[in-house]
Amino acid sequence: MERKRRSQSDTKPFEKSKKMKKSNQISVDEVRAGLVVKYINARIMRGGTISKLNEEYLWTRGGKIIDPMARFWQAAKLRQYAAEVVVDCKGLILVPGYIDLQLNGAFGIDFTSLAQTADGEESKAQSDIKYVAKRVLEHGVTSFSPTIITSSAKSYEKLSKILVRTPGGREHCNILGAHLEGPFISELKYGCHPASLVRKPYRGYASIQSVYGEKLLSETDIITLAPEISGALSVVQPLSEKGILVSCGHSMAKLNLAEKALHSGARMVTHLFNAMPTFHHRDPGLVGLLGSTKDKPYYGIISDGIHAHPNSVRIAFKAHPEGAVLVTDAMSAMGLGEGNFQLGETTVTIKDDRATTNNGKTLAGSIARMDLCVRNFREFTGCSTVQAIEAATLRPAEALGISNQKGTLNIGSDADMLLVDDQLNVCATIVGGEFAWRLHGLNLVCKLQHNSDKD
């Protein structure tokens with residue numbers, strides 16, 4: 001924010017490149033995180049609302065969103081321009097980047113199967129993860145948790161060599177801690193997971209350590225488990241104290257036991273309505289947690305129109321709007337055509353946009369894009385644009401406990417952002433203050449400020 005706020009007419013020099021000195025124009029590809037960047041001609045989503053065009057501006061530096069007033073006075077003392085680069089956003093909406101807490105793989109790469117190549121080929125396996133992290137930029141994803149389905153202890157040991165939290169930038173999005181979905185799940189609700197590898201934590205936290213190993217646990221953000229299986233309730237608190245989000249899923253748990261899990265520290269439900277009993281009015285099970293009077297959990301929801309009927313998505317949202325966390329649960333076939341693909345040890349068939357096993361009887365992840373899920377969620381629930389975007393930004397960040405860094409455009413947050421249109425199509429993706437992807441043909445005009453220029 002400058003001492004005198006610019007009017008909309010002040011942006012015309014940026015809209016008409018012929019009025020600019022060519023030496024002052026740069027490509028958005030040249031915008032670096034270390035520069036002070038001012039975004040103008042945008043509608044900014046912040047504080048639960050979307051501003052009017054040029055009602056406010058957004059400033060970034062060093063990969064963070066900064067306080068414009070503090071920058072203005074600092075620059076004034078040095079007799080410099082407050083902004084080094086001005087980006088004209090062409091009237092698009094500037095929103096936080098999407099966060100996917102359940103991504104099994106994409107574009108032919110299955111994260112669970114990387115255990116087969118991780119031993120001795122760590123760099124290749126890590127390159128595969130980064131390849132997915134690059135390709136999902138076009139879907140608006142700026143952070144994701146690589147998700148590993150039920151595996152053997154030996155596989156987890158191999159995966160511990162490659163699953164590492166990695167900051168994003170121009171080349172790929174942020175790679176968060178892993179989501180370990182299994183093996184401590186119900187033998188009755190294992191879905192497409194290999195049944196032979198499903199187990200119970202009989203020895204409590206000692207079982208967790210022996211299966212996953214401390215190295216992998218140190219790089220893990222989420223663990224999905226079934227709270228009703230023997231020993232499971234006893235591990236919820238120690239996992240939560242380590243900063244790991246415990247999510248209840250692949251479970252037959254009745255409501256009273258599910259509530260005990262929440263009281264012990266669990267704070268999420270994995271892919272609501274899937275791999276759990278259907279809602280019953282006498283004992284609603286995990287679904288019933290959305291109707292609790294306190295300790296309501298966050299809940300992952302796959303709004304692809306396949307995993308949950310639009311009416312079911314609407315009911316969940318109406319019951320607990322602040323808990324909705326959009327996840328894709330996408331697997332290796334996402335971004336490719338029909339055929340057979342891998343999800344861990346399981347072969348998955350893609351046909352008619354459905355990922356299934358067991359001759360089409362069992363769903364096995366999805367091939368949904370996050371941007372599609374956001375658009376569908378707004379349509380299915382009738383929620384506002386802000387609420388739809390928050391379900392893919394603020395809510396997953398809150399669930400992980402990182403909303404002071406990600407999920408908002410508040411001052412001090414990471415500069416992970418998107419430019420979207422009114423239909424919520426992703427037009428550009430910015431990671432750490434740098435343009436990592438933009439729609440072909442979208443020419444955003446940037447002006448490099450010089451101290452010799454007139455304001």
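Which residue takes a positive phi in the hairpin of β5 and β6? I would like to begin there, with the reminder that what we are looking at is a predicted model. The residue is G62, whose phi lies near 60°, in a hairpin that has two residues between its strands. The two strands concerned, β5 and β6, the latter covering residues 64–65, pair in the antiparallel sense over two bridges, and across that pairing R61 stands opposite K64 in β6.

If we now follow β5 to its other partner, we come to strand β2, residues 37–40, which pairs with β5, residues 58–61, over three bridges, again in the antiparallel sense. Within this pairing, V37 has T60 in β5 as its bridge partner. As a reminder of the background, strands of a sheet pair through backbone hydrogen bonds, and they do so either parallel or antiparallel.

Let me turn next to the open sheet, which is built from six strands in the order β4-β3-β8-β24-β25-β26, with mixed pairing. At its edges are β4, residues 49–50, and β26, residues 434–438, each of which pairs on one side only. Inside that order, β24, residues 417–420, and β25, residues 426–431, are joined in the antiparallel sense by four bridges, and one of the positions to look at is L419, whose bridge partner in β25 is A428.

The edge strand β26 also brings us to the aromatic residues, where a search of the whole structure finds five pairs. One of them is the pair of Y39 and F435, which is tilted, with 6.4 Å centre to centre and 40° between the planes. This pair links distant parts of the chain, since Y39 belongs to strand β2 and F435 to strand β26, and the two residues are 396 apart. Are these residues buried or exposed? Y39 is buried, with a relative accessible area of 1%, and F435 counts as buried because its relative accessibility is 3%, where the cut-off for buried is under 20%.

A second pair is formed by Y156 and Y212, whose ring centres are 5.1 Å apart and whose planes stand at 80°, so that the pair is classed as edge-to-face. Here too distant parts of the chain are linked, with Y156 in helix α5, residues 153–159, and Y212 in helix α6, residues 205–212, 56 residues apart. Y156, at 0% relative accessibility, counts as buried, and Y212, at 2%, counts as buried as well. Together with F184, these two tyrosines form one aromatic cluster.

Rings also appear in contacts with charged groups. The charged end of K38 sits over the ring of Y57, 4.4 Å from the ring centre, while the charged end of R135 sits over the ring of F107, at 4.0 Å from its centre.

R135 leads me to my last element, helix α4, which covers residues 122–135. At 1.5 Å a residue, its 14 residues should span 20 Å, and the end C-alpha atoms are indeed 20 Å apart, so the expected and computed values agree. Where do the buried residues of α4 lie around the axis? These residues are A125, D128, I129, V132 and A133, and they cover an arc of only 140°, which puts them on the same side of α4. The background to this is that an α-helix has 3.6 residues a turn, so residues three or four places apart point the same way.

Technical notes. Residues are numbered from 1 along each chain as its sequence is written. This is a predicted model: local features need pLDDT of at least 70, side-chain atom pairs count only at pLDDT 80 or more; totals for chains, interfaces and linings use all residues. Side-chain values use heavy atoms; hydrogens and water are left out. Two strands pair if DSSP finds at least two bridges between them. Rings of Phe, Tyr and Trp (its six-membered ring) pair if their centres lie within 6.5 Å; planes under 30 degrees apart count as stacked, over 60 as edge-to-face and the rest as tilted. Buried means under 20% relative accessible area, exposed over 50%, partly exposed in between (1.4 Å probe, protein chains only). A charge sits over a ring if NZ of Lys or CZ of Arg is within 6 Å of the ring centre and within 35 degrees of the ring normal. The expected span of a helix is 1.5 Å times one less than its number of residues. The arc is that of the directions from the helix axis to the C-beta atoms.
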